[in-house]
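Hi,

Here is the structure I promised to pass on to you. Have a look at it first, and then read on for what turned up.

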Amino acid sequence: MNFQLLGDLRGQLAAALGVDATTVPVLTADLCPPGMKADITLNGFHLAKALRRPPPVLAETVTALAKQHPDVADAVCVKAFINITLKPAALFRDTVGDPDAIANAARLPEAERRRIVIEFSAPNTNKPQHLGHVRNNTLGMATSGILSAAGHLVTPVNLINDRGIHICKSMLAYQRFGNGETPASSGKKGDHLVGDYYVRFDQEYRRQLADLKAARPDLAGKESDELFLETEIGRAAQDMLLAWEKADPAVRQLWATMNSWVISGFNETYARMGVRFDQVFLESQTYTLGRDIIQDGLARGVFQKRADGAVIIDLESDKLGQKVVLRGDGTSVYITQDIGTTLLKQREFSPDRQLWVVGDEQIHHFRVLFAILRRLGYAWAADCHHMAYGMVNLPSGRMKSREGTVVDADDLFDEMTTLARQAIVERSDGAPPADLEARAQAIGLGALKFMLLKVNPKTTILFDPEASVKFEGDTGPYVQYAGARIRSMLRKAGPDALAGVVDWSVLGEPAEKELALRCAGYGAAVRQAAADLDSSGLATYLLDLAKAFSHFYHDCPVLTAPTPALRRARLELSDRAHRVLSAGLQALTITPLDSM
RNA sequence: GCGUUCGUAGCUCAGUUGGAUAGAGCGCCUGGCUUCGAACCAGGAAGUCGGGGGUUCGAGUCCCUCCGGACGCACCA
């Protein structure tokens with residue numbers, strides 16, 4: 001919040017203390033806690049620490065200075081807190097007087113803006129996306145939006161894992177059991193169709209595994225993974241992978257066809273979620289990239305060759321152990337291609353920072369990756385960051401595909417949209433609105449996304465299906481609803497409602513001040529969320545703002561205000577709240593609504 | 001075993017980087033629609049901030065320790 005008072009106080013305090021103006025820190029005000037009967041508060045302890053003065057004395061000095069300021073109605077010192085009540089005209093002038101200033105406050109000074117590449121989603125093309133991907137996609141888009149709102153130049157990219165043994169499993173099952181089925185012939189979305197064959201493979205594999213264990217009692221104690229190549233179908237999948245690597249035309253043909261089905265399915269899901277990328281990398285085109293870097297590093301002594309021919313790196317001094325970066329047969333491991341694509345992105349976009357939105361189970365992997373990049377001598381490795389987020393659990397525990405407890409993304413969207421549609425119809429007086437579908441999508445997805453974004457990304461989420469479909473309380477629709485009510489008022493007020501000069505001095509009700517002060521907190525909320533890579537800060541802010549509006553709306557008649565000047569000022573204040581709510585929701589990739 | 005991380009109201013979660021009397025939503029109880037949209041508002045009950053030590057003007061927040069959970073420590077991605 002940028003109050004003229006604070007700038008003035010800073011200079012006056014320096015003069016009063018007889019120090020240079022620059023030694024006094026820039027003053028920042030917080031909202032005064034409820035029940036304190038003031039508007040804003042300065043923390044005298046912080047000031048005292050910065051200036052090395054005793055807190056009570058300093059706080060009294062500041063209070064005395066504040067009392068003399070023309071913007072101040074009253075200032076009281078409690079402990080070392082300076083609680084200030086502003087004159088209404090000054091409060092509204094500095095908080096909501098300039099609509100552009102609110103939005104601009106979110107943007108960092110030019111010198112602090114960065115070019116940031118953010119990688120997220122990174123799906124495998126063997127099955128459709130589920131709730132875990134939804135959290136990833138939602139966080140990826142919201143983080144991109146928040147960073148952009150803070151003034152950074154953000155490049156969102158995707159890296160699709162479109163090759164490997166898991167892809168061959170679907171392909172093999174399709175080859176054997178598919179009977180030429182296609183998305184067109186079956187009416188199935190491409191990613192779901194391919195996913196069905198991934199499941200089909202697993203069924204067949206389990207059947208063969210059971211037969212094998214029955215015939216060979218000596219294998220009974222072995223893990224399923226150890227016996228993969230002992231089964232006929234497992235062997236066949238491995239052979240298919242080798243054929244793929246040798247570019248066998250038939251295998252490549254099938255692979256290309258099935259991948260195109262999956263990717264068009266993904267694109268539908270992304271479009272529905274509002275997910276977009278500036279560039280999409282395919283692992284099939286990048287997986288060999290790291291190899292020459294490894295060879296180069298080997299020559300420079302960064303890596304060592306082991307007796308069996310594998311190339312390794314010793315990261316003991318970083319307490320990360322040893323890591324194989326190239327197999328004995330010269331093929332890549334996962335981290336090899338990650339090294340390659342990281343360099344590719346660095347070359348292509350020249351970012352100041354690279355971010356990866358990837359689950360917290362891969363924290364160790366990224367530590368190793370960044371350590372290797374440092375050893376290779378890349379200074380920019382220090383600006384690589386893994387944005388680790390927690391898993392999504394169900395009341396029954398982890399989602400497990402084998403137990404059929406995976407929550408499918410498309411099904412979930414359908415369910416949320418259906419519930420939103422019902423909610424709209426229930427609440428509409430006459431016929432349902434013409435744009436029912438668009439509203440239902442916006443509300444259903446808004447509820448889902450907001451639920452995921454309002455908790456800190458680091459925390460493991462418990463997805464409670466019952467609670468998740470609610471549209472009341474601390475939800476996305478609550479925020480959308482506040483915006484829709486403002487739009488409704490502005491529509492009724494007519495096109496000239498906001499024309500001419502505003503007289504802010506007619507305002508002064510507690511609910512009006514609270515709303516204005518909340519609006520002015522937008523910039524700080526965005527910048528904090530950007531600095532912490534934490535969407536929940538912005539989501540919580542938007543809830544507080546929507547609550548402040550609801551309170552105001554209840555207490556203060558707008559369209560039926562007693563005087564034209566008051567009506568005008570309250571409409572203007574409502575408009576500010578609407579702008580902030582819309583901007584905030586859009587940063588989170590949630591659609592603001594004119595009507596619900 | 002080592003590492004990371006978490007433990008706050010019945011449930012799900014906040015807590016602005018050490019500041020005022022620990023908050024919100026859901027659920028439960030009570031009240032408010034002939035008045036700008038009740039997806040709303042107002043009020044109530046509900047807490048040994050996992051336990052115990054320590055650091056200081058001040059600790060849910062920092063340090064130590066114990067208890068309990070999650071996730072890692074692959075030539076899988």
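Let me begin with a short-range pair: Asp218 forms a salt bridge with Arg216, and their closest N and O atoms lie 3.3 Å apart. Before going further, please keep in mind that this is a predicted model. Of that pair, Asp218 counts as exposed, at 55% relative accessibility, while Arg216 is partly exposed at 35%. The cut-off for exposed is over 50%.

**Other salt bridges**

A search of the whole structure gives 32 salt bridges, and a few of them are worth opening up in your viewer. Asp211 pairs with Arg207, again with a closest N to O separation of 3.3 Å. Both sit in helix α9 (residues 190–215), 4 residues apart, so about one helical turn separates them. Asp211 has a relative accessible area of 44%, which makes it partly exposed, and Arg207 is also partly exposed, at 46%.

Helix α10 (residues 232–245) holds a pair with the spacing of 4 residues, Arg235 and Asp239, which are therefore about one helical turn apart. Their salt bridge has its closest N and O atoms 3.5 Å apart. Arg235 is partly exposed at 35% relative accessible area, and Asp239 is partly exposed at 39%.

Further along the chain you will find a network of salt bridges that links Arg568, Glu572, Asp575, Arg576 and Arg579.

**Two helix packings**

Which angle do helix α6 and helix α21 make where they pack? It is about 125°, between α6 (residues 131–149) and α21 (residues 522–532), with the axes 9 Å apart. That angle makes α6 oblique to α21, because it falls outside 65 to 115 degrees and is not over 145. The crossing of α6 past α21 is left-handed. On the α6 side the contact involves Ile146, Leu147 and Ala149, and these meet Val526, Ala529 and Ala530 of α21. By class, this contact consists of 6 nonpolar residues, with no polar and no charged ones.

The second packing is between helix α19 (residues 476–493) and helix α22 (residues 535–555), whose axes come within 9 Å and cross at roughly 45°. This makes α19 oblique to α22, and α19 passes α22 in a left-handed crossing. From α19, the residues in contact are Tyr478, Val479, Ala482, Arg485, Ile486 and Met489; from α22, they are Leu542, Leu543, Ala546, Lys547, Phe549, Ser550 and Tyr553. The contact of α19 with α22 divides into 10 nonpolar, 1 polar and 2 charged residues.

**Two backbone angles to check**

Most residues other than glycine have a negative phi. Two residues here are worth a look in that light. Lys37, which is not a glycine, has a positive phi near 60°. Lys37 belongs to the loop between β1 (30–31) and β2 (40–43), and counts as exposed at 80% relative accessibility.

Leu533 is not a glycine either, and has a positive phi of about 50°. Leu533 lies in the loop between α21 and α22, that is, between a helix from each of the packings described above. Is Leu533 buried or exposed? Leu533 is buried, because its relative accessible area is 10%, and the cut-off for buried is under 20%.

Happy to go through any of this with you when you have had a look.

Best wishes

Key
Residues are numbered from 1 along each chain as its sequence is written. Chains are lettered from A and ligands numbered from 1 in the order in which they are written. This is a predicted model: local features need pLDDT of at least 70, side-chain atom pairs count only at pLDDT 80 or more; totals for chains, interfaces and linings use all residues. Side-chain values use heavy atoms; hydrogens and water are left out. A salt bridge is a side-chain nitrogen of Lys or Arg within 4 Å of a carboxyl oxygen of Asp or Glu. Buried means under 20% relative accessible area, exposed over 50%, partly exposed in between (1.4 Å probe, protein chains only). Axes are lines fitted to C-alpha atoms, for helices over the stretch in contact, and angles run from 0 to 180 degrees between N-to-C directions. Angles under 35 degrees count as roughly parallel, over 145 as roughly antiparallel, 65 to 115 as roughly perpendicular and the rest as oblique. A crossing is left-handed if the near helix is turned anticlockwise from the far one by less than a right angle, and right-handed if clockwise. Contact means heavy atoms within 4.5 Å. Ala, Val, Leu, Ile, Met, Phe, Trp, Tyr, Cys and Pro count as nonpolar, Asp, Glu, Lys and Arg as charged, and the others, Gly among them, as polar.
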